Structures are given as C-alpha cells and as structure tokens.
Amino acid sequence: MKFIVSSSSLLKQLQNISGVLNSNNSLPILDHFLFEINSNEVQVTASDLETTMITKITVESKEEGIIAIPAKLLLDTLKSLPDQPLTFSVEKENFLIEISSDYGKYKLSGQDGSEFPKTPEVETPNTLEVAGELLFNAIEKTIFASGNDDLRPVMSGVFFQLSKDDLTFVATDAHKLVKYARTDAKASKAASFIMPKKPLNLLKNILSSVDSPINIEYNETNASFNFDNIQLICRLIDGKYPNYEAVIPKENPNKLTIDRAALLGSIKRVGIFSSKTTHQVRLKITGSELQISAEDIDFSNKADERLTCAFDGEDMEIGFNSRFLIEMLSNLSTTEVNLEMSAPNRAGILTPATSDNKDEHVLMLVMPVMLNA
C-alpha cells in the first residue's frame with residue numbers, strides 16, 4: 001500500500017489534531033494516528049476516547065487500506081524535513097512503514113489500524129451553524145472562568161444555552177462567572193449542553209485562523225464540530241448546570257466607570273503586595289477617586305494607588321481577589337469598563353462600557369473577598 005503526500009501539508013494537518021493525544025494513554029494504540037487511505041484522500045484520526053479529531057488530506061494514491069502510525073515519531077520526523085513530497089509504503093502483513101524523502105528512507109513500526117477505537121457517531125442529532133469568529137470569541141471569553149474541581153464536573157466545562165433568540169455561553173467556578181451572549185446567531189429549537197474544557201481549547205487553537213462557518217451537531221451525549229476539512233467529536237459532560245441567573249445580582253446601584261488598561265495595570269502592581277492566600281485588593285471609592293490597596297500582614301508588605309474614575313452611587317469599600325480581576329480585565333477589549341456593585345458582601349458585575357458589536361453581550365461576575373477591619 002502506497003501514497004505520496006506533501007510533507008508540509010501533512011505536518012500542518014497533523015498538528016491541528018495532535019492536541020487530542022495524551023501522554024499517558026490507557027490503550028497503546030491511542031499513541032498513534034489512524035491513517036485511512038481511500039483513492040486520492042487520506043483520513044487521519046487522533047483520539048483519547050473522550051475526544052476524537054479527524055482531518056482529511058489530499059494525496060496521490062490508487063490503493064485503499066488502514067494503518068496506525070506512531071504519532072510522536074511521525075511528527076518529529078515531519079518537523080525536521082523541509083517541504084517536499086514524501087512516499088509512504090506500508091506492508092500490510094507486518095505493519096511496517098517506510099517513508100522515502102529526497103534525503104533518504106525512514107522505517108517505523110505501525111499497528112493494525114482495525115484495532116483503533118471506532119469513532120463515535122452523533123445519532124439523531126440537532127444541528128446548528130455558527131460563524132468561526134463567533135465560536136472562537138465565545139470560547140476565549142468564557143473558558144478561563146470554568147472550574148477545575150473533579151467533584152463538580154458540570155462546572156469544569158462551558159455551558160452552551162441555545163435558543164430561538166440567541167446563543168449564550170456560560171462558565172463559572174463559583175468564585176467568578178462569565179456570561180457571553182450573541183443575538184446574531186440562533187438555534188431552531190431550545191437546547192443546552194456542557195462542553196468539556198479540553199475539546200474547547202483544541203477548537204480555540206484552530207478557530208483563530210478559520211473564516212468558514214462551523215456546523216455543530218449534538219445530542220444528549222456527544223457533540224460534533226465540522227469545518228474546513230476537520231471534524232471534532234467529543235463526549236459531553238453529564239449533569240445539570242447550576243442556575244447561574246440566580247447568582248447574578250439584579251439591583252446594583254453603585255456604578256464605577258474607569259479606563260480598563262489603567263485599572264488592570266494598577267491591580268497588577270498592587271496585587272504583588274497582597275496576601276499570598278487571599279490575593280485580596282481593597283477598592284475604596286469616594287466621589288471620583290478610586291483607591292486600590294493591598295497588604296500582606298505576615299510580611300509587612302503594603303501598596304496603594306489612586307485612579308480617577310466616574311462613579312455614581314454611595315461611597316463604598318469592597319475587596320476582590322486580584323487574580324480574578326486581572327483575568328477578567330485581560331479578557332475584555334474595550335477602552336473603558338463598568339464595575340457595578342450593591343454591597344461589600346455581594347458580587348461585583350464587570351461589563352464593557354461600550355461595545356463594538358451590538359450583537360455581543362458580555363457580563364463577568366466576581367465574588368468579593370471579605371474585608372478585614
């Protein structure tokens with residue numbers, strides 16, 4: 001069995017799907033790419049059983065067959081070769097692979113492709129089409145807020161809430177929450193599911209350079225994302241997502257508007273001097289002045305800065321985890337942001353002060369850290 005392929009195009013497609021591979025797989029064959037040769041096309045599959053990625057590559061071939069090729073060995077070889085045609089020759093009896101290049105020949109031992117786990121099917125799916133840019137933004141704006149607690153798996157992913165009016169994406173770890181909604185995309189019927197973090201990160205890495213629409217298929221257990229010549233299929237997180245609307249305070253009479261970059265820079269600097277356990281920074285707002293301070297009593301470290309802001313409400317003091325604020329402000333892109341608050345023991349709401357896209361709605365919630373006297 002033989003096929004000829006461009007080394008650079010093969011490397012590019014394999015790198016797109018190689019993020020699925022785990023370093024410690026339960027099945028040795030999962031350390032391999034599955035190559036399925038069919039006339040002038042090769043379909044390559046990578047899987048960790050929970051997530052599977054498939055890509056299609058144009059080749060020169062008149063034969064059909066399957067072979068599992070060691071992934072790391074193949075990737076390392078391709079990375080060290082300049083762009084050129086490569087000839088793959090596979091011996092079906094003993095699964096030996098010979099790669100011929102302009103420089104010479106490389107032999108490696110494969111495995112029987114028929115032993116590779118079957119790709120899961122998304123049976124009787126619902127379908128949805130969204131722009132690549134929309135899905136990329138939705139993942140990028142939410143995934144950092146998802147949790148890492150194995151005891152609460154539903155909070156370790158991103159909640160996709162689809163309706164006839166909009167698409168909403170939510171992530172929370174109980175300390176911070178992000179809700180990202182788009183009114184320029186709609187589903188034919190209401191549905192929801194929880195996507196795990198790993199496949200979302202894989203999608204994010206590829207979608208940054210994808211302009212084409214993404215076709216999403218989903219049912220109760222699996223979701224599939226198709227675009228260009230790539231397909232990602234993953235198992236969804238089983239469980240009921242918490243009622244996130246209930247934790248978003250509706251009445252927030254105290255509203256602070258401030259330059260995002262100035263606030264971010266100040267919290268980064270002052271946060272260095274905060275307690276290593278709470279990372280608490282104190283925000284004291286009086287009139288049009290915001291005082292940001294932090295103290296680490298154990299080491300007698302202390303810092304405070306003053307910024308000018310626009311403030312509508314009662315003078316107040318509130319404490320937040322500086323790391324959470326830095327993450328949130330870094331994931332907003334507008335010049336100014338709003339911070340809405342009701343009381344020192346209630347969550348603060350961070351939103352963009354202006355919007356470049358009237359169809360995009362971002363809300364970030366951060367729980368306060370109780371202030372010491």
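**View 1. Strand 10 and strand 11 pair in the antiparallel sense.** In this predicted model, 4 bridges link strand 10 to strand 11, which covers residues 167–172. A hairpin of 4 residues carries the chain from strand 10 to strand 11. Leucine 162 faces leucine 167 across the pair, the latter in strand 11. Strand 10 is mostly covered, with 5 of its 6 residues buried.

**View 2. Strand 10 also pairs with strand 13.** The two strands share 6 bridges, and the sense is antiparallel. Phenylalanine 160 has phenylalanine 193 of strand 13 as its bridge partner. Strands of a sheet pair through backbone hydrogen bonds, either parallel or antiparallel.

**View 3. An open sheet is built from 9 strands.** Their order is 13-10-11-12-25-24-23-17-21, with antiparallel pairing. Strand 13 (191–196) and strand 21 (310–312) stand at the edges. Each has a single partner strand, so one side of each has no neighbour in the sheet. On average, and with direction ignored, neighbouring strands of this sheet are turned by 15° against each other.

**View 4. Helix 4 packs on the sheet.** This helix spans residues 197–207. It touches strand 10 (157–162) and strand 13. The direction of helix 4 makes about 85° with that of strand 13.

**View 5. Helix 5 lies across strand 17 and strand 23.** Helix 5 takes in residues 260–271. Strand 17 covers 254–259, and strand 23 covers 336–341. The helix runs at about 90° to strand 17.

**View 6. Strand 12 is joined to strand 25 by 7 bridges.** Strand 12 holds residues 176–182, strand 25 holds residues 360–366, and the two run antiparallel. Leucine 177 stands opposite leucine 365 in strand 25.

**View 7. Lysine 176 is a buried residue of strand 12.** Its relative accessibility is 5%, so lysine 176 counts as buried. The side chain of lysine 176 makes a polar contact of 2.8 Å with that of aspartate 173. Neighbours within four places in sequence aside, lysine 176 is in contact with Phe144, Ala145, Ala171, Phe324, Glu327, Met328, Leu365 and Val366. Two of these names, Phe324 and Met328, return in the next view as buried residues of helix 6.

**View 8. Helix 6 has buried residues on the same side.** The helix runs through residues 322–330, and Ser322, Phe324, Leu325, Met328 and Leu329 are buried there. They cover an arc of only 160° around the axis, which places them on the same side of helix 6. Asparagine 321 caps the N-terminal end of the helix. One of its side-chain oxygens lies 2.8 Å from the backbone nitrogen of arginine 323.

**View 9. Cysteine 234 and cysteine 309 are both buried.** Cysteine 234 has a relative accessibility of 1%, so it counts as buried. For cysteine 309 the relative accessible area is 8%. A disulfide is a covalent bond between the sulfur atoms of two cysteines. The count of disulfides comes to 0 in this model.

**View 10. The whole chain has 6 helices and 25 strands.** Its C-alpha trace spans about 80 × 50 × 40 Å along the principal axes. Of the 373 residues in the chain, 51% are buried. Among contacts with a separation of 6 or more, 66% come from residues 24 or more positions apart.

Key
Residues are numbered from 1 along each chain as its sequence is written. This is a predicted model: local features need pLDDT of at least 70, side-chain atom pairs count only at pLDDT 80 or more; totals for chains, interfaces and linings use all residues. Side-chain values use heavy atoms; hydrogens and water are left out. Buried means under 20% relative accessible area, exposed over 50%, partly exposed in between (1.4 Å probe, protein chains only). The arc is that of the directions from the helix axis to the C-beta atoms. A polar contact is a pair of N or O atoms within 3.5 Å; within protein, one must be able to donate a hydrogen and the other to accept it, and residues adjacent in sequence count only if both atoms are side-chain atoms. A disulfide is a pair of cysteine sulfur atoms within 2.5 Å. Two strands pair if DSSP finds at least two bridges between them. Axes are lines fitted to C-alpha atoms, for helices over the stretch in contact, and angles run from 0 to 180 degrees between N-to-C directions. Contact means heavy atoms within 4.5 Å.
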